[in-house]
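Let us walk through this structure step by step. The route goes from ring pairs to a helix crossing and then to single buried sites.

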Amino acid sequence: MNKIKNILPHRLGDSHIRILRIFKAVIESGGFAAAEAELNISRPAISNAMSELESLLNMRLCHRGRTGFSITEQGEHVYNATLQLLGSLDTFKSQINAINTKLVGDLNIGITDNLVTNPQMRITRSLSTFKHRAPEVIFNIQMMPPYDIENAVLEGQLHIGVVPDLRALSGLNYLPLYKEKSLLYCSAQHPLFKQDLNTISDYALEKYDAVLPCYPQPAEIKQQQKRFKASATSTDREGIAFLILTGRFIGFLPTHFAERWVVQDLLRAIEPHKRNFYTNFSAITRKGARPNLITEAYLEELHKTA
């Protein structure tokens with residue numbers, strides 16, 4: 001880490017910021033090939049940038065080759081320092097935006113997966129009206145797990161997050177957005193599909209494989225799933241849908257997300273009057289954050305969609 005302190009403060013420029021951003025993308029993507037699509041630059045260009053950074057710091061940051069990609073211990077330290085540096089730059093931009101009365105700059109938003117099909121469309125409508133109000137603002141949207149969104153908002157990496165109300169953190173402000181209904185589904189290839197799905201006992205369901213979310217859920221939701229034969233997990237709802245559609249699993253999905261397959265008679269809900277739950281979603285911002293005109297203006301538009 002001393003090497004970073006000795007070199008970067010005296011020679012830090014746009015080119016260094018660029019290769020640090022490339023390095024960050026490579027580490028978060030898990031290799032050069034995945035980062036190629038993320039960065040929209042060629043793999044040789046990525047390789048050259050990584051080699052330049054390693055030469056600049058005189059460190060081996062990652063291993064790459066036939067054995068696969070992995071980050072070194074020094075690379076881990078450089079990655080953490082890079083996050084701090086880029087976060088500080090974003091904070092600087094936010095502070096300048098707060099000074100400037102013109103809405104120019106970035107709006108960084110983290111959203112939980114598969115909310116775009118929600119018919120209430122508050123996020124979509126507010127983004128539309130805000131783009132009309134502030135045409136020069138650049139939108140940066142990241143699809144992330146709820147806990148990652150919370151941490152990113154708390155650390156100032158995101159201005160706003162959209163998450164399910166799984167817990168209330170003292171460092172965050174919450175703006176309620178909408179309620180999402182989920183039902184238990186099976187697909188057309190599943191043995192249950194052609195049965196009467198209005199009345200099925202817990203005992204009957206116990207013999208069928210189920211896919212459960214591996215992200216946190218309220219106790220009342222876990223209660224509905226505790227007797228399922230949990231033989232698969234997923235970090236998001238799209239992964240759950242993939243497995244349900246195989247015909248080998250049952251699982252819960254939001255009704256708005258499942259609707260596209262329901263209308264095609266590819267999914268059916270199991271005891272919808274009984275096996276359902278609701279999830280509340282909120283927009284979150286960091287308490288005590290420095291005034292930011294862009295964030296405040298977007299929140300105004302979000303309030304108008306209620």
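Start with the aromatic rings: the structure holds 7 aromatic pairs. The model is a predicted one. A pair of aromatic rings is described by the distance of the centres and the angle of the planes. Take phenylalanine 130 and tyrosine 298. Their ring centres lie 5.7 Å apart, and their planes stand at 75°. An angle over 60 degrees counts as edge-to-face, so this pair is edge-to-face. The pair joins distant parts of the chain, with the two positions 168 residues apart in sequence. Phenylalanine 130 sits in helix H6, residues 122-133. Tyrosine 298 sits in helix H12, residues 293-304. Both phenylalanine 130 and tyrosine 298 are buried.

A second pair is formed by phenylalanine 257 and tryptophan 261. Here the centres are 5.4 Å apart and the planes are at 85°, so this pair is edge-to-face too. The setting is local. Phenylalanine 257 and tryptophan 261 both belong to helix H11, residues 255-262. They are 4 residues apart, which means a separation of about one helical turn. Phenylalanine 257 has a relative accessible area of 3%, so it is buried. Tryptophan 261 is at 15%. The cut-off for buried is under 20%, so tryptophan 261 counts as buried.

Ring pairs can also join up. Phe130, Phe139 and Tyr298 are linked by such pairs into a cluster.

Now turn to a helix crossing. Helix H3 covers residues 32-39, and helix H4 covers residues 43-57. Their axes come within 9 Å and cross at roughly 110°. Angles of 65 to 115 degrees count as roughly perpendicular, so H3 is roughly perpendicular to H4. Which residues meet in H3 and H4? From H3 come Phe32, Ala33, Ala35, Glu36 and Leu39. From H4 come Arg43, Ile46, Ser47 and Met50. By type, the contact divides into 6 nonpolar, 1 polar and 2 charged residues.

Stay in helix H4 for glutamate 54. Is this residue buried or exposed? Its relative accessibility is 9%, so glutamate 54 counts as buried. A polar atom of its side chain lies 2.9 Å from the backbone nitrogen of leucine 61. Neighbours within four places in sequence aside, glutamate 54 contacts Met59, Arg60, Leu61, Cys62 and Arg64.

Two loop residues complete the tour. Leucine 197 lies between strand S6 (172-187) and helix H8 (202-205). With 2% relative accessibility, this loop residue counts as buried. Alanine 269 is 72 residues away along the chain, yet the C-alpha atoms of leucine 197 and alanine 269 are separated by 7.3 Å. Apart from neighbours within four places in sequence, leucine 197 touches Cys186, Leu192, Arg268, Ala269, Ile270, Glu271 and Pro272.

Phenylalanine 249 lies in the loop between helix H10 (237-244) and strand S9 (251-254). Its relative accessibility is 14%, so phenylalanine 249 counts as buried. What surrounds phenylalanine 249, leaving aside its neighbours within four places in sequence? The contacts include Tyr185, His190, Asp209, Ala210 and Val211. Ser231, Ala232, Leu243 and Ile244 are also in contact with phenylalanine 249. Glutamine 95 lies elsewhere: from phenylalanine 249 to glutamine 95 the C-alpha distance is 50 Å, with the two positions 154 residues apart in sequence.

How values were computed: Residues are numbered from 1 along each chain as its sequence is written. This is a predicted model: local features need pLDDT of at least 70, side-chain atom pairs count only at pLDDT 80 or more; totals for chains, interfaces and linings use all residues. Side-chain values use heavy atoms; hydrogens and water are left out. Axes are lines fitted to C-alpha atoms, for helices over the stretch in contact, and angles run from 0 to 180 degrees between N-to-C directions. Angles under 35 degrees count as roughly parallel, over 145 as roughly antiparallel, 65 to 115 as roughly perpendicular and the rest as oblique. Contact means heavy atoms within 4.5 Å. Ala, Val, Leu, Ile, Met, Phe, Trp, Tyr, Cys and Pro count as nonpolar, Asp, Glu, Lys and Arg as charged, and the others, Gly among them, as polar. Buried means under 20% relative accessible area, exposed over 50%, partly exposed in between (1.4 Å probe, protein chains only). A polar contact is a pair of N or O atoms within 3.5 Å; within protein, one must be able to donate a hydrogen and the other to accept it, and residues adjacent in sequence count only if both atoms are side-chain atoms. Rings of Phe, Tyr and Trp (its six-membered ring) pair if their centres lie within 6.5 Å; planes under 30 degrees apart count as stacked, over 60 as edge-to-face and the rest as tilted.
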